[in-house]
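Got the viewer open? Here's a short walk through how the helices pack and where the nonpolar side chains gather.

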Amino acid sequence: MITPLIILGLLLLPLVFAWLIGGAEKARAGGVLGIALAFIFFGIGHFVQTEEMVGMLPSFVPFAVPLVLATGVLELAIGLGLLSAVTRRIAGIVAILVFVGFFPANVFAAFNHVGMGGHVWGPVYLLIRAPLQALLIWWVWYFTLPPNGRALTRSAPIANVSV
């Protein structure tokens with residue numbers, strides 16, 4: 001059950017640190033860095049816990065190991081893409097699609113008590129996972145795709161972000 005706490009730490013620590021050293025002007029950069037670190041964490045998890053991730057998939061899913069590894073590469077690419085002002089918007093859109101698309105695997109794992117990341121708790125884990133998933137989607141949207149010109153511009157480096 002430590003995984004949700006790690007995710008929250010990865011999101012919040014860069015945001016709080018950026019806000020403390022640069023106020024609201026730098027907080028947006030901290031939010032972007034936090035979600036990028038979270039995606040890098042997710043991607044690494046696919047390589048470190050490949051078999052556990054395979055267990056989150058129904059047995060009828062073909063090529064489960066290559067699929068888990070490919071999605072790990074995708075999540076690493078999203079994390080790196082979020083760090084670049086040039087690719088941030090597309091990475092943000094893909095990140096949201098990944099959160100929505102991968103959520104059924106979390107539901108399957110919870111209902112089948114797969115023993116990783118809290119899923120062993122069964123369906124009750126979804127009471128934690130679903131709000132966390134919603135937070136992650138909101139976080140990506142807010143920090144990488146906000147309306148009304150709040151988004152980071154293509155020319156603005158992550159350290160020089162204005163709100």
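Start by selecting residues 2–48, helix H1, and residues 88–111, helix H4, in this predicted model. The two pack at an angle of about 50°, and their axes sit 12 Å apart. An angle of that size is why H1 counts as oblique to H4. Turn the view to look through the pair: the crossing is left-handed.

Now show side chains where the two helices touch. On the H1 side, pick Val 32, Ile 35, Phe 39 and Phe 42. On the H4 side, pick Arg 88, Ala 95, Val 98 and Phe 99. Color them by class and you'll get seven nonpolar residues, one charged and no polar ones.

Keep Ile 35 and Phe 39 on screen and add Leu 136: within the largest nonpolar core, which has 23 residues, these three have the most contacts. Which elements give two or more residues to this core? Select H1, helix H3 (64–83), H4 and helix H5 (126–144). H1 supplies the largest share, ten residues.

Next, zoom in on Leu 136. Ignoring neighbours within four places in sequence, Leu 136 is in contact with Ile 7, Leu 11, Ile 35, Phe 42 and Phe 99.

Last stop: clear the selection and pick Met 53, Ala 64, Ala 109 and Val 114. They are among the eight residues of a second core, separate from the big one. As background for both stops, nonpolar side chains in soluble globular proteins tend to be buried together.

Technical notes. Residues numbered from 1 in each chain as written. Predicted model: local features only at pLDDT ≥ 70, side-chain atom pairs only at ≥ 80, totals over all residues. Heavy atoms only, no water. Axes fitted to C-alpha atoms, helices over the stretch in contact; angles between N-to-C directions. Helix = DSSP H or I, 4+ residues; strand = E, 2+ residues; numbered from the N terminus. Parallel < 35°, antiparallel > 145°, perpendicular 65-115°, else oblique. Left-handed = near helix turned anticlockwise from the far one by under 90°. Contact = heavy atoms within 4.5 Å. Nonpolar A, V, L, I, M, F, W, Y, C, P; charged D, E, K, R; others polar. Core = buried A, V, L, I, M, F, W, Y, C linked by side-chain atoms within 4.5 Å. Buried < 20%, exposed > 50% of the residue type's maximum accessible area, 1.4 Å probe, protein only.
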